[in-house]
Amino acid sequence: MRKLLPLAGSIAVIGANSLALSPIAGTVARSFVGVDAPGVMNAAILYGLATAASALALAPAIDRIGHRTALIHSLVALTAALTLSAFAPNLLVFCLAQALAGLAAGCALPAIYALSALVAEKGRESETLGWVLTGWTVSLVLGVSLSAIVADFAHWRFVFAGLALAAGWLAAKVGRGPDLAFPAPSPVALAGTNSPLTALRVRGVAPALLVVATYMTAFYGLYAYLGLHLTGVLHLSTAAAGLAPAAYGIGFGVAAFADRLLDRYGPNIAAPVAFVGLGLVYCALAAASDHAAVLIFLCLAWGVANHIGLNLIVGRLTALDAGRRGAILGLYSAVTYLAVSAGAFFYRPWFEQFGFAGCALASACCIAPALALSLHGRQKSPSLTRRNGG
């Protein structure tokens with residue numbers, strides 16, 4: 001557990017930075033001359049593009065220099081980027097700072113997921129990954145929601161200053177003491193390829209990345225405009241709008257207790273159920289778009305369904321090829337954060353034309369490839385073997 005906590009904490013800081021901007025965009029905009037909330041969201045687009053570029057260019061090096069070393073360097077760079085964000089004098093500097101944060105995140109996330117696979121006990125891979133993924137819960141419940149409160153009652157700059165302090169502390173924590181001596185990369189991993197695109201030749205990677213692209217676009221596209229919908233259309237305060245990501249985060253965290261069932265029954269049984277459930281949640285969000293209380297409550301179910309789906313997707317990718325795990329997870333991060341930018345960009349005209357309900361229905365449609373692949377995998381493996389040998 002001493003090894004898992006700093007991994008989950010690193011995800012929490014990265015997640016808080018990437019998700020906090022939506023509910024506080026209006027507050028940030030008021031600090032810069034001639035800038036509106038959608039303009040501030042350009043920083044999120046740049047963050048996503050930088051993360052994707054970093055994951056493609058730097059993640060394969062994780063297999064050579066070691067996952068722990070890569071994570072430490074990434075956290076140091078993230079500390080510098082968040083400090084610059086806190087003191088940015090204008091929107092341009094703020095966007096550049098978030099781009100630097102994206103470069104750090106693009107290397108850090110594959111390292112974190114690879115480390116979680118290395119430290120997991122056999123037969124408990126999904127459970128271990130699930131506990132690491134609870135870092136997203138911390139980022140939402142404490143990070144994003146607290147950020148909304150701090151921005152509302154103090155100043156948004158304190159949000160990024162606090163995240164910078166947390167990132168610096170985690171960099172020191174990961175690099176200190178024998179308790180965090182993660183397993184070294186295998187000789188096969190150390191001989192990893194220089195090009196992340198060679199990982200596309202690994203069987204199963206290409207269709208899995210298609211699922212990642214649509215799955216993440218569904219989430220980030222809808223999430224990007226959740227705060228604007230709650231504050232602009234339903235007229236909630238910034239602090240009240242922070243209850244939605246808090247509810248999502250609680251659901252995301254509670255779902256960790258169900259991860260051992262994924263190890264017990266395997267993805268061929270769990271995946272179709274999980275993706276159908278997530279599609280239904282998106283439809284319910286569309287139906288409840290005019291009712292703030294119901295919408296916030298449904299965010300709880302959204303978190304549960306998304307946690308299980310994300311665990312299944314990342315678990316599948318980490319199991320494809322141990323020797324190219326860093327490169328494969330780099331591709332995962334690249335596609336994920338291209339989806340962050342694509343979601344914010346393509347959902348904007350959809351949001352302006354059809355509102356939050358239209359965006360939620362679009363997200364429901366985006367789950368179709370994940371469901372199709374899960375059903376295809378089940379047909380190919382009619383005889384299911386549980387991962388724990390049960």
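**Note on cavities, core and aromatic packing**

1. In this predicted model, the lining of the largest cavity is made up, by class, of 14 nonpolar residues, three polar ones and no charged residues. The space inside this largest cavity comes to about 180 Å³, and of the 17 residues that line it, those closest to its centre are Trp136, Met216, Phe219, Tyr220 and Leu310. A search of the whole structure returns three cavities of 30 Å³ or more.

2. Several helices contribute to the wall of the largest cavity: H6 (91–119), H7 (125–153), H10 (205–224), H13 (243–254), H16 (292–318) and H17 (325–366) each provide at least two of the lining residues.

3. The second largest cavity holds about 100 Å³ of space, and its lining divides into nine nonpolar residues, two polar residues and no charged ones. Helix H1 (4–19), helix H2 (21–29), H10 and H17 each supply at least two residues of this lining, with the largest share, three residues, coming from H10. Among the lining residues are Ser18 and Leu19, Leu21 and Ser22, Tyr220, Tyr223 and Ala224, and Val340 and Ala344. A reader tracing the two cavities may note that Tyr220 is one of the residues closest to the centre of the largest cavity and also lines the second largest.

4. Helix H2 deserves a separate look, because eight of its nine residues are buried, so that the helix is largely enclosed by the rest of the structure. The buried residues of H2 are Leu21, Ser22, Pro23, Ile24, Ala25, Thr27, Val28 and Ala29, and of these Leu21 and Ser22 also line the second largest cavity.

5. Asparagine 17, which lies in helix H1, is buried, with a relative accessible area of 2%. Not counting residues up to four places away in sequence, asparagine 17 touches Tyr47, Leu82, Gln98, Ala101, Phe160 and Leu163.

6. The largest nonpolar core contains 131 residues, and the members that touch the most others are Tyr113, Trp136, Tyr282, Leu285 and Trp302. The largest share of this core, 18 residues, comes from H17. Trp136 therefore calls for attention twice, since this core member is also among the residues closest to the centre of the largest cavity. Leucine 285, with its neighbours within four places in sequence left aside, is in contact with Leu222, Leu295, Leu298, Cys299, Trp302, Phe356 and Ala360.

7. Aromatic side chains form 18 pairs across the whole structure. In one of them, tyrosine 215 and phenylalanine 275 meet edge-to-face, at 6.0 Å centre to centre and with 75° between the planes; this pair links distant parts of the chain, given that tyrosine 215 sits in helix H10 and phenylalanine 275 in helix H15 (residues 267–287), 60 residues apart. Both tyrosine 215 and phenylalanine 275 are buried. Elsewhere, Phe219, Tyr220, Tyr223, Tyr248, Phe252, Tyr282 and Trp302 form one aromatic cluster.

8. Leucine 300, in helix H16, counts as partly exposed, at 31% relative accessibility. Although leucine 300 and isoleucine 250 are 50 residues apart in sequence, their C-alpha atoms are 6.5 Å apart in space. When neighbours within four places in sequence are left aside, leucine 300 is in contact with Ala247, Tyr248, Ile250 and Gly251; of these, Tyr248 also belongs to the aromatic cluster described above.

How values were computed. Residues numbered from 1 in each chain as written. Predicted model: local features only at pLDDT ≥ 70, side-chain atom pairs only at ≥ 80, totals over all residues. Heavy atoms only, no water. 1 Å grid on protein atoms, 1.4 Å probe; cavity = no way out; pocket = protein on both sides within 12 Å on 5 of 7 lines; lining within 4 Å. Points joined across faces, edges and corners; volume = space filled by probe spheres on them. Helix = DSSP H or I, 4+ residues; strand = E, 2+ residues; numbered from the N terminus. Nonpolar A, V, L, I, M, F, W, Y, C, P; charged D, E, K, R; others polar. Phe/Tyr/Trp six-rings, centres within 6.5 Å; stacked < 30°, edge-to-face > 60°. Buried < 20%, exposed > 50% of the residue type's maximum accessible area, 1.4 Å probe, protein only. Core = buried A, V, L, I, M, F, W, Y, C linked by side-chain atoms within 4.5 Å. Contact = heavy atoms within 4.5 Å.
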